[in-house]
Amino acid sequence: MASIVDPPPNPYNTRSDALVGGRKKNIDMYHAIQGQGSGSNAKNSKKEDPLKILDPSSKKLVTVESQRIMAVLDDCITKTRLVTLLPTITPNLDKFASVLTSDMMSLLQEHYQLELLFSRVFALQEEEETQAHTSSAKRGGLDGDAEQMSYESLCQYRSQLQQQLRHSTRSIVRLFSRNHTMLDAVLKQVSERPPAASSLISTMNNLRGIVMERLLTTREEEEERGNYIHQIIQREAKATVEVKKLEGLLQEASAERDAELSKKNTDIKKLKSDLAQLQRTSNEINKRIKSDSHKQEATDVKTSEGKCDRLKQSIAQLRQQLAQAVSEHRQSEQGLRSRKIKTESALETWIAKYDTDMGERQDEYEQIEAVYKIEKQQLEDLEERFAVLEEEYNRIMEERRIAAERKAEEERRMRLLTKAAVVIQAHWRSFATRKKLKQKKKGKKGKKGK
């Protein structure tokens, strides 16, 4: 029975990867060093995988024995995966009721009860071990007369439960092996299992890969693989020598760099001393500038005080001028206000006169609008009548036009018929004349023959 779900990825699925995986990094370093000397070899190494020779040439099992070995191993892996899922399935049988059959449900329920009983017995046995094999004590949760049992009785009962669990597990696995659809559904729905079980399945998958590669590999391929690995080890030794040489060059370069760094450090110390000297001189210059600025500030303060006195005098003069201007403006404002009052009274008079005139005009406008509506209604009536007459006139004119066209068509047809009759008559006359002439010629020839 084949595996339903693919095994988890493994960095060393084959025995050759396990042998060469630890040295692959050094091999890549060796190829990089060799590739600096020849560009074509580097390109060829990129195109071809150097570990391809370690894979077997055949991809399928040919012999029946090897196929049987792999079938047995796959069946073992599938059963292991199924058995490791039983602790997850048995407590949650309601979730799998739609997938499992009634026989399987009963078997799983019995198996679950055995598991609970076994775990209880195991716990009691551990308690007995911790209590230094003391005499019997009351224990609940066991069936039969096992309420008071000694340590030896517990061991015998545990062995019986182990046998029953083995028998139950075998029955469950056999029933699953007969129904592949049920097995596939369970393996797809459940993926949780203990870490130890996952590790066991991963190890078995790795073992399957190793066995598969071993069965696919022939003796000649194994010898070639050994020679290839020996060559890789020799190349690794050469690469190690090259690495040591490069490490020596690196130490020399680091020594030169340290010398340059020490030289630069001395230069930095000199620059720091020069910078300190510059700071001292700049501090002295700043002190001088501050003293000069204080002196200049004092002279500026005296000058600003004189300017302030002059500005105060000018402000007093401007205030006097402002008071005079305010009095003059008040007098002019009174005159303007009286003028405004007169203008407002005249404006009110004109507004009243305008209202009376507009009232008269509005009345006149309403009268004219009433006359306009009456005349407009009369015009619409006349337009409706004219539209009816115009439609009748157009119909009469259209009938006359059609009659005239018919008459012209009949006259043209009559002319064509007359012309055709004349042509036919002319042809007929010519045909009759030619016929008479032929008859006359025949009559003359007959007389000559007589």
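**Exercise 1. State how much area the protein chain exposes, and how much is buried.**

Step 1. The chain exposes about 36,000 Å² (Shrake-Rupley method, 1.4 Å probe). Carbon and sulfur atoms supply 55% of that area.

Step 2. Buried residues (under 20% relative accessible area, 1.4 Å probe, protein chains only) make up 17% of the 450 residues.

Note the basis. This is a predicted model: local features need pLDDT of at least 70, side-chain atom pairs count only at pLDDT 80 or more, and totals for chains, interfaces and linings use all residues. Residues are numbered from 1 along each chain as its sequence is written, and side-chain values use heavy atoms, leaving out hydrogens and water.

**Exercise 2. List the secondary structure.**

Step 1. Count the elements: nine helices and zero strands (DSSP runs, H or I of at least four residues for helices, E of at least two for strands, numbered from the N terminus).

Step 2. Read the order from the N terminus: α-α-α-α-α-α-α-α-α.

**Exercise 3. Find the largest nonpolar core.**

Step 1. Such a core joins buried Ala, Val, Leu, Ile, Met, Phe, Trp, Tyr and Cys residues through side-chain atoms within 4.5 Å. The largest has 20 residues. Ile89, Leu100, Met104, Leu108 and Phe176 touch the most other members.

Step 2. Helices H4 (64-89), H5 (102-130), H6 (151-178) and H7 (180-189) each give two or more residues to this core.

Step 3. Another core, of nine residues, lies apart from it; Leu114 and Tyr157 are among them.

**Exercise 4. Describe how H4 meets H7.**

Step 1. H4 and H7 pack at about 60 degrees, with axes 11 Å apart (lines fitted to C-alpha atoms over the stretch in contact; angles run from 0 to 180 degrees between N-to-C directions).

Step 2. H4 brings Thr78, Arg81, Leu82, Leu85 and Ile89 to the contact (heavy atoms within 4.5 Å), and H7 brings Leu183, Val186 and Leu187.

Technical notes
Buried means under 20% relative accessible area, exposed over 50%, partly exposed in between (1.4 Å probe, protein chains only).
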